[in-house]
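Please open the model in your viewer and keep the sequence panel beside it. The tour below moves from the whole chain to single residues, naming at each stop what to select.

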Amino acid sequence: MNETVIALIRPKPDLGMVTGKPAEAVAAAGAVVDAPEGIGILASYATEVALR
């Protein structure tokens with residue numbers, strides 16, 4: 001259960017740990033740091049994708 005709660009509250013990553021990593025990893029970590037606090041909105045948990 002702890003892992004689920006930790007995943008939902010989205011702890012902020014330490015940007016010092018991505019120093020020297022690929023640009024994609026740095027950008028992803030930066031996006032999480034800039035994200036709002038909390039678990040987000042209900043729509044962010046949608047798993048469906050639109051098909052043509």
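A residue is called buried here when its relative accessible area is under 20%, exposed when that value is over 50%, and partly exposed in between. With that in mind, display the whole protein chain, which is a predicted model: of its 52 residues, 6% count as buried. If you switch on a surface representation, you are looking at about 4700 Å² exposed by the protein chain, with carbon and sulfur atoms supplying 67% of that area. In a cartoon view, the protein chain shows two helices and zero strands.

Select helix H1 first, which covers residues 2-9, and pick out Leu 8 within it. Is Leu 8 buried or exposed? The answer lies in between, because the relative accessible area of Leu 8 is 34%, which makes this residue partly exposed. Now add Val 5, Ile 9 and Tyr 45 to the selection, since together with Leu 8 these residues form a nonpolar patch on the surface, with about 330 Å² of accessible area between them.

Next, move to the loop between H1 and helix H2, the latter spanning residues 23-34, and select Lys 12 in that loop. Lys 12 is partly exposed, as its relative accessible area is 32%. Add Val 32 and draw a distance between the two C-alpha atoms: Lys 12 and Val 32 are 20 residues apart along the chain, and their C-alpha atoms are separated by 6.5 Å.

Stay in the loop between H1 and H2 and select Val 18. Why does Val 18 count as buried? Val 18 counts as buried because its relative accessibility is 16%, and the cut-off for that class is under 20%. To see what surrounds this side chain, leave aside residues up to four places away in sequence and show Ala 25, Val 26 and Ala 29, which Val 18 touches.

For the last stop, select Ala 28, which lies in helix H2. With a relative accessible area of 44%, Ala 28 is partly exposed, whereas Val 18 is buried. A distance drawn between the C-alpha atoms of Ala 28 and Val 18 should read 9.9 Å, for two residues that stand ten places apart along the chain.

Terms used: Residues are numbered from 1 along each chain as its sequence is written. This is a predicted model: local features need pLDDT of at least 70, side-chain atom pairs count only at pLDDT 80 or more; totals for chains, interfaces and linings use all residues. Side-chain values use heavy atoms; hydrogens and water are left out. Patches are made of residues with over 30% relative accessible area and no salt bridge: like charges are joined within 9 Å, nonpolar side chains (Val, Leu, Ile, Met, Phe, Trp, Tyr) within 5 Å. Accessible areas come from the Shrake-Rupley method with a 1.4 Å probe; for residues, only the protein chains shown count as cover. A salt bridge is a side-chain nitrogen of Lys or Arg within 4 Å of a carboxyl oxygen of Asp or Glu. Helices (H or I, at least four residues) and strands (E, at least two) are DSSP runs, numbered from the N terminus. Buried means under 20% relative accessible area, exposed over 50%, partly exposed in between (1.4 Å probe, protein chains only). Contact means heavy atoms within 4.5 Å.
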